[in-house]
Amino acid sequence: MQQVDIITAKERLSHENIAYLLSLKGPEKIRLFEIAASIKEQFVGNKVYFRGLIEFSNICDKNCLYCGIRHDNTHVKRYNLSDEEIYSAARYACENNYGSLVLQSGELETFGFVRRMEKLLQGIHKTTNNKLRITLSCGEQDKDTYRRWYENGANRYLLRIESSNPLLYQKLHPGDNRHNYHRRLNCLYDLQATGYQVGTGVMIGLPFQKINDLADDLLFMSRFDIDMIGMGPYLEHADTPLYASREELLPLEERFQLTLKMIAVLRIMMKDVNIAATTALQSIDKLGREKAIKIGANVIMPNITPGKYRDDYLLYQNKPCTDENAEDCKTCLEARIALTDHKIAFGEWGDSIHYQRRQ
Ligand code: SF4
């Protein structure tokens, strides 16, 4: 029996165990992936759930140092989809049996934005006969806003912690009150207390990030009892302050492999959560998302944002599929998933089993 078998058979992994698994290479890494794949098959099966992603606005009041659509990047053409464009995308998801929608935007905390989201949630449920689960990814908000959106039909919320290490978090954000690690953490607690299925995630391969940080990130997700996770490799954007630290970065292939290992170890630690195969993986490796599906992920987010806006939602450079429309995305993903031994769970919500147990 290899060391990797002994460690992964433990009921709880220690920080040291996780750091060891994240450092594996060669045959032991392959064995780690086999173990994660088998745990995935046993606990969440071989279904892949589609979440139609609508990047409905790139207007953001914040200035995260790694993000291509940060407020101060004047090279970005700002857009905001009309209500009708959003409803039309939602109908597309419904007619194609996607089961779920994700509404993602930059972060605004204005009264007008909060109210608009309420109306959109009501409108989407009406135009799709309540057939879709709706996930929001609209950043930090106060608890009352989270409650209002929940009561108007949002079921899930994604808010990445980006790094669970407060010192590293500080290096990724301007040092002001609007970019505060503790506020981010409190928002996650508020979301959980409100009743959402809560998702978070981190960037992998950041400058200054160590294997120990990533091990802590996985322990953070486990301690927090998170329901859904979206983790991707950090990809730099030339129009961001963090670009100045690009010399510190691991080569792309190493960031990619580290991301796959993070997904595999997370699946071993949290057997019944939903894990997304993120688009950033595909930026490095054309089959990146399929590889993630095989070793632990079970969610994919086909982009259904109208094609003409996609070039303007570049959180990082070399984002794939920005020249496609919703139909291209769907056809491409169906073909890719057919190549794995997985099935797309059309017409199913695919709620996190972990959330159902947690409730
Ligand atoms: S990561 Fe989110 S909150 Fe930060 S600048 Fe980008 S869109 Fe805005």
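User: Which residues lie nearest the centre of the second largest pocket, and how many residues line it?

Analyst: A pocket is best read from its lining inward, and in this predicted model the second largest pocket has a lining of 20 residues, with Lys25, Ile211, Leu250, Glu254 and Leu258 lying nearest its centre. Two elements, α9 and α10, each give two or more residues to that lining, and α10 gives the most, with four residues.

User: How do the residues of that lining divide into nonpolar, polar and charged, and about how much space lies in the second largest pocket?

Analyst: Composition and volume are separate readings, and they are best taken one after the other. The lining of the second largest pocket divides into 10 nonpolar, four polar and six charged residues, while the space in this pocket comes to about 320 Å³.

User: What would the corresponding reading be for the largest pocket, and which residues lie nearest its centre?

Analyst: The largest pocket holds about 400 Å³ of space, and its lining is made of 15 residues, among which Glu11, Arg12, Ser222, Met269 and Met270 lie nearest the centre. The elements that give two or more residues to this lining are α9 (211-224), α10 (252-269) and α14 (353-358), and α9 gives the most, with three residues. By class, the lining of the largest pocket divides into five nonpolar, three polar and seven charged residues.

User: Which residues are around the ligand, and how does that shell divide by class?

Analyst: A ligand shell is read as a list of neighbours and then by class. Around the ligand are Cys60, Lys62, Cys64, Tyr66, Cys67, Ile69, Arg70, Gly106 and Glu107, and this shell divides into five nonpolar residues, one polar residue and three charged residues.

User: Turning to helix packing, at what angle do α2 and α10 pack, and how far apart are their axes?

Analyst: A helix pair is described by the angle between the axes, the distance between them and the hand of the crossing. Helix α2 (residues 15-22) packs with α10 at an angle of about 140 degrees, the axes being 9 Å apart, and α2 is therefore oblique to α10. The crossing in which α2 passes α10 is right-handed.

User: What is the angle at which α2 and α9 pack, and is the crossing left-handed or right-handed?

Analyst: For α2 and α9 the packing angle is about 120 degrees, with the axes 9 Å apart, so α2 is oblique to α9. Here α2 passes α9 in a right-handed crossing.

User: At roughly what angle do the axes of α4 and α5 cross?

Analyst: The axes of helix α4 (residues 83-95) and helix α5 (residues 111-127) come within 10 Å and cross at roughly 40 degrees. Because angles under 35 degrees count as roughly parallel, this value falls outside that class, and α4 is oblique to α5. The crossing of α4 past α5 is right-handed.

Conventions:
Residues numbered from 1 in each chain as written. Predicted model: local features only at pLDDT ≥ 70, side-chain atom pairs only at ≥ 80, totals over all residues. Heavy atoms only, no water. Near = heavy atom within 4 Å. Nonpolar A, V, L, I, M, F, W, Y, C, P; charged D, E, K, R; others polar. 1 Å grid on protein atoms, 1.4 Å probe; cavity = no way out; pocket = protein on both sides within 12 Å on 5 of 7 lines; lining within 4 Å. Points joined across faces, edges and corners; volume = space filled by probe spheres on them. Axes fitted to C-alpha atoms, helices over the stretch in contact; angles between N-to-C directions. Parallel < 35°, antiparallel > 145°, perpendicular 65-115°, else oblique. Left-handed = near helix turned anticlockwise from the far one by under 90°.
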